[in-house]
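Hello,

Here is the structure we talked about handing over. Please open it alongside this note. My findings come after it.

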Amino acid sequence: MIPENAIWASLPVPAFVIDQNNNIQDVNSAGEGFLNASSKTVTGQSVWSQIRVDTPIEEAFDKARDKSTALFVNDVDVGCGSRAPLQCALQIAPLIGQEGCMILMITPRELAGRMTQSHSVKSAAQSAIGMAEMLAHEIKNPLAGITGAAQLLSMNLSSEDLELTDLIVAESRRIVKLLEQVEQFGNLSEPDRKPVNIHDVLDRARRSALLGFGAHMKIIEDYDPSLPLAYGDPDQLLQVVLNLLKNASEAADPKGGTIRIHSYFEHSFRLRRSDGSGQSLPLQVEIIDDGPGLPEKIKDDVFDPFVSGRENGTGLGLALVSKIISDHNGWISVTSVPGRTVFRLSLPRVPRGASN
């Protein structure tokens, strides 16, 4: 017989036992991770003071208790403390043998959605990159000829006509640059993973941003100093963070804005794949900005190649970020409302036996 406490502790989703007064009587380890608080801290507290649901649910919860029936609520935003709300499904049922007690389980929907989206991103990226690589050489060669011809013509033209040749040269170079970005996306090597102090990566990215594209921004460090080493390629992870900082800086008001880099540990966070295998991803990094937020029309597709919210954007930056994190067996998500956009990276820690 398997001990009940072993089953309770092994549940992969946040689960709570709620007493007849709607106070938390018990919480599993995934629930502690979700609340970012210990069982001892939240036991005896009102469940609705610890968990915020964006739809009135207390009355339905009480009716389910009175009638001893289960209650299922899909697609609601659930938040707690300083955590940004996550779209979740709620499962509520009476606890057999405990009069008036209920079990509440919270299943974040974003994880399953991002797993499906991650597969779609890879498939879309492979198709786009395959086509681009096939055409790149054919396109680059005539572009080089066009650019050279325009430069030769410009030697004998008036200043008015020079504007036209300058336009030809500039646009040709822009197309070449786009093709090079596409090729970079397709040719990115497998990560050379090793133990990495993620805060060193974040500091390098922050300093680089403040000296360049983010000079008009205020970048705040909010680190958990006890965070263990991550397992990844430091150069590729630097590329990820720089890209996210650059996007936040470009989306901000020209007069500036604030970016907060937040790191923390979430021991219960696991990525489960369709084949049943799992990966612990306890190291969390959030890039939080106070800009206008993602455009509604691209919010669900922001990690797809060639999807961009900027007029002259290529739409490759976030697709590249998603690919790198996926190659690290990690996970990336985004929540965005006007005034608060959060890109969250979830990364593995150094496995036992990994060499330094």
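Below are notes on cysteines, salt bridges and surface charge.

One caution before the details: this is a predicted model.

Cysteines

How many disulfides does a search of the whole structure find? Zero. Two of the cysteines are worth a look for their surroundings. C88 is buried, at a relative accessible area of 0%. C101 is buried too, with 5%. Both values fall under the 20% cut-off, so both residues count as buried.

Salt bridges

The count comes to nine salt bridges. I describe some of them here.

Start with K63 and E59. Their side chains meet in a salt bridge, with N to O at 3.6 Å. Where do K63 and E59 lie? Both are in helix α5, which covers residues 58-67. Four residues separate them, about one turn of the helix. E59 is exposed, with a relative accessible area of 57%. K63 has 45% relative accessibility, so K63 counts as partly exposed. The cut-off for exposed is over 50%, and that is why the two partners get separate labels.

Next, D192 and K194. Their side chains form a salt bridge at 3.7 Å, N to O. D192 is partly exposed, at 48% relative accessible area. K194 is partly exposed as well, at 34%.

Then there is E221 with R206. The closest N and O atoms of this salt bridge are 3.2 Å apart. This pair links distant parts of the chain. E221 sits in strand β8 (residues 218-222), and R206 sits in helix α8 (residues 198-211). The two residues are 15 apart along the chain. Is R206 buried or exposed? R206 is buried, with a relative accessible area of 18%. Its partner E221 counts as partly exposed, because its relative accessibility is 40%.

Surface charge

Which residues form a negative surface patch? They are E160, D161, E163 and D166. E160 belongs to helix α7, which runs over residues 159-187. E160 is exposed, with a relative accessible area of 63%. A patch residue needs over 30%, so E160 meets that accessibility requirement.

To find these places on screen, go to helix α5 for K63 and E59. For the link between E221 and R206, go to strand β8 and helix α8. For E160, go to helix α7.

Best wishes

Conventions:
Residues numbered from 1 in each chain as written. Predicted model: local features only at pLDDT ≥ 70, side-chain atom pairs only at ≥ 80, totals over all residues. Heavy atoms only, no water. Disulfide = S-S within 2.5 Å. Buried < 20%, exposed > 50% of the residue type's maximum accessible area, 1.4 Å probe, protein only. Patch = residues over 30% accessible without salt bridge, like charges linked within 9 Å, V, L, I, M, F, W, Y side chains within 5 Å. Areas by Shrake-Rupley, 256 points an atom, 1.4 Å probe, with all protein chains shown as cover. Salt bridge = Lys/Arg side-chain N within 4 Å of Asp/Glu carboxyl O. Lys, Arg positive; Asp, Glu negative; His and termini not counted. Charge placed at Lys NZ, Arg CZ, Asp CG, Glu CD.
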